[in-house]
Amino acid sequence: GIPLLWIQTYFIWRLLAASRYSRRWLLPSLVISTFAFIVSWQFSPFLLLLQATALYFVNIVAGFDCIREVLVNILNSYVLAMGLAVAVHFGSPYLLTSPFFFQLVALKTATSVFWCHRARTYTWSGWICRRTVHVLEGLLAILIFLLVRKLLAPFATADTHFYEILCTKVAAINDVLPSSWHLPASKLPSCAEPGFNANLYLIMGVFKLLEWSSAKVYLESTAAPLAAVACLLVFCRCVANCLVARSRPKKVTQAPERFNQPNGKSGARERQEIDTEDVKFDSEEQEDAALLFFVVQSLLFLLLGCLVNRLRVAFGPPMMVLAAAVWGAKLFPSTWRSKFPRVLPVFLLFGMAGHLFLMALKLPCISDEEGICQHMADKLSNDGDLADLYDWFNSETGNARPVLASMNLAGSMRAFTTVPMIIHPQPSSMCISAVFDFLVLLLPHASTVFREILLSRFVNIYMLFTQWLLNATAAKNKGYGKPPSSTQVH
């Protein structure tokens, strides 16, 4: 799902910076990539939630009304992609009760109510009026989001485990704060103590806070420092260009007297100069909005990755893009590029050459146990029971039946077995539980062929895992010499 996310993000970035004519082929591409991302990863609605938040932030909070039309088109693309995904999933309540669906309802309603935005003006009265509209629209969107979430809360059970995991981060963050800032346990929310659904995930380190070992790699590889510099440059560019725009003379709303000269040549030349200047300014403003969107989205993904270590895959690629973009002139304000047309490119060229030399000294890896060296090393395990289990899978079960496994177990199984796996279906979801209950009731009445299909493709191996792990040691002590067979376990 992650590669599809970055393809989809690229289309959004191009939409924000492209001309109206170029958007014709970008919008269908955005719909297709968003649809593919939704159906390929169950966590996609949460990342799309942050992406839409970044877009709305740039329009409403940062005040880039130049992307208003693009924002509405992107929201329409979201709605179309979401509708296609729901249809493909046969009306899946997982999507219809996701926070991304609530957000789509809220943003579409708010943008429809406040459909007429004032053009950007550079007087205090115009600024106050425009920002007042932004505040009212934002408050309406928040209100509708909370209302829809409240109405659908009784049916939104598929994401219960995720909200519980996020709530436990309150206690985890409280533990890493300085002792003088610690809150007593009585003041923490009740959900800070993990329940059953949260413990299913928190037993694995990848669902805890970002590990220092990962942060250390980002720092030693210079990816994180350079990405931080890129974010600062984008913020500086947006502020500098905004100040230049405020000092820019007002557009000519009525043609000067020389426009009406008999030959019309001087008037046409003057109009062309004014139009060219306006187009250049609008293009620069759209590029500012596109860069700011990418930075805000990356920071939101960073926050999510810091809370859930596994989701660092969401901000790793954009961090590398930002780090590489430092050596490009586009991140600098237009005034700097115009004042130093030769010095700036030469400075950036030498900086990139020095950075490449520094990275070459670190090849092939930052350390022997990091990066590609870690992935190419032999996979080792010192857990005897798991080793016996993997050997049993390889020798006796064959590869015909897929195995339902927890993410923790499946992660190591992939390194030692070739058994096809279905990774951790959610028992906390009422929908999935109802499907399993329905299959159990259906089996006695199903035809022989249909029953064989169900048994061969959807056998619940959770019982096999737990029973095997409980009986493995006892079986060895009784002299069986090998784990019980699947027939014995059933």
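**Exercise 1.** In this predicted model, classify Glu220 as buried, exposed or partly exposed.

*Solution.* Start with the value. Glu220 has a relative accessible area of 33%. Now apply the cut-offs: buried means under 20%, and exposed means over 50%. Glu220 is therefore partly exposed.

**Exercise 2.** Find which side chain meets Glu220 in a salt bridge, and describe how the two residues are placed.

*Solution.* The partner is Lys216, with an N to O distance of 4.0 Å. Next, locate the pair. Both residues lie in helix α10, residues 212–220. They are four residues apart, so about one helical turn separates them. Last, check the partner's accessibility. Lys216 stands at 41%, so Lys216 counts as partly exposed.

**Exercise 3.** Work out which parts of the chain the salt bridges of Arg237 with Glu287 and Asp288 link.

*Solution.* Take Glu287 to begin with. Its side chain meets that of Arg237 at 2.8 Å, N to O. Arg237 sits in helix α11 (residues 223–247), and Glu287 in helix α12 (residues 265–307). The two are 50 residues apart, and the pair links distant parts of the chain. Both Arg237 and Glu287 are buried.

Now take Asp288. The salt bridge between Arg237 and Asp288 has an N to O distance of 2.4 Å. Asp288 is in helix α12, 51 residues from Arg237 in helix α11. Asp288 is buried, as is Arg237.

**Exercise 4.** Place these bridges in the wider picture: which residues form a network with Arg237, and how many salt bridges are counted?

*Solution.* Salt bridges link Arg237 in a network with Glu284, Glu287, Asp288, Lys330 and Arg337. The count for the model is eight salt bridges.

Note on methods: Residues are numbered from 1 along each chain as its sequence is written. This is a predicted model: local features need pLDDT of at least 70, side-chain atom pairs count only at pLDDT 80 or more; totals for chains, interfaces and linings use all residues. Side-chain values use heavy atoms; hydrogens and water are left out. Buried means under 20% relative accessible area, exposed over 50%, partly exposed in between (1.4 Å probe, protein chains only).
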